[in-house]
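Q: Please take a close look at the salt bridges of this structure and at the parts of the fold that they join. A connected explanation suited to a first-year student would be welcome.

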Amino acid sequence: ANVDYCILPALNEISTEQSAPTTDTNDKTNWLMDYLHTYPNAVIRFHASDMILKTTVDAAYLVLPNARSRAAAHYHLGWQDTDRVNGAIDVLCKTIKNVVSSASEAETGGIYQGGRHACPILAMLKELGHQQPTTGSPIETDNRTAHGILNSKMRQKLSKSFDMRCWWMKDRVQQGQFNLLWAPGKFNLADYFTKHHPPWH
């Protein structure tokens, strides 16, 4: 495959400035073009698997202009009983449109966007005959607060601003469509797509 998911954070940032570009926007665009010229052959390797959709989500709080945050989700088809990682079938990298008031609200928004984007992929896999786990499609986050609230292990207070996203995901977890898991940040595959990294990374 020749899709370079590594450029998504740069594209996301440039797109937020396209309505009112500056010389800085031009510099970012030139930097991106230089990167694409230097690394023209992006390759993703896929391995035969059990076709279990596995999603990892992350969010970066207040990293974009106008106090906006970025959410990312990494989707790959993996194996039933192992944490082995396969090539990404899709990567979501989006600006959270509303201004969020905390990192946990940004993470909850990221889980919501990642879950919404996963729904048609799950439907397609089931139509193709690839049954998903009865416990729900695994979604990993590295934020304990968002994990606790969405799994009903914590009680939310003063969080009306993210109730809609929170309750949508809570309902899907309770219905068994998703299995929300916590994993340490160093294993979070979506973390790369929420931040800027140097080309060698």
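A: In this predicted model, a network of salt bridges links E13, E17, D24, K28 and R70. Six salt bridges are present in the structure. The general idea is that side chains of opposite charge can pair when their charged atoms come close.

One member of the network is the pair formed by R70 and E13, whose closest N and O atoms are 3.3 Å apart. R70 belongs to strand 2 (residues 68-78) and E13 to helix 1 (residues 8-16), so this salt bridge ties together parts that are 57 residues apart in sequence. Both R70 and E13 are buried.

Within the network there is also a salt bridge between D24 and K28, with 3.4 Å between the closest N and O atoms. These two residues are four residues apart in helix 2 (residues 23-38), so about one helical turn separates D24 from K28. D24 has a relative accessibility of 40% and therefore counts as partly exposed. K28 is likewise classed as partly exposed, because its relative accessibility is 22%.

A further salt bridge joins the side chains of K195 and D191, at 2.5 Å from N to O. K195 counts as partly exposed because its relative accessibility is 32%. D191, with a relative accessible area of 22%, is partly exposed as well.

The bridge between R70 and E13 leads from a helix to a strand, and the setting of that strand deserves attention. Five strands form an open sheet in the order 3-2-1-4-5, and their pairing is mixed. Strand 3 (88-96) and strand 5 (178-182) stand at the edges with a single partner strand each, so one side of each has no neighbour in the sheet. From one strand to the next, the twist averages 20°. Helix 1, the element that contains E13, packs on this sheet and touches strand 1, strand 2 and strand 3. The direction of helix 1 makes about 30° with that of strand 3.

As a general point, strands of a sheet pair through backbone hydrogen bonds, either parallel or antiparallel. Strand 1 (residues 52-64) pairs with strand 4 (residues 137-141) in the parallel sense, over two bridges. T55 has I139 in strand 4 as its bridge partner. Helix 5 (residues 163-174) lies across strand 4 and strand 5, and runs at about 110° to strand 5.

Technical notes
Residues are numbered from 1 along each chain as its sequence is written. This is a predicted model: local features need pLDDT of at least 70, side-chain atom pairs count only at pLDDT 80 or more; totals for chains, interfaces and linings use all residues. Side-chain values use heavy atoms; hydrogens and water are left out. A salt bridge is a side-chain nitrogen of Lys or Arg within 4 Å of a carboxyl oxygen of Asp or Glu. Buried means under 20% relative accessible area, exposed over 50%, partly exposed in between (1.4 Å probe, protein chains only). Two strands pair if DSSP finds at least two bridges between them. Axes are lines fitted to C-alpha atoms, for helices over the stretch in contact, and angles run from 0 to 180 degrees between N-to-C directions. Contact means heavy atoms within 4.5 Å.
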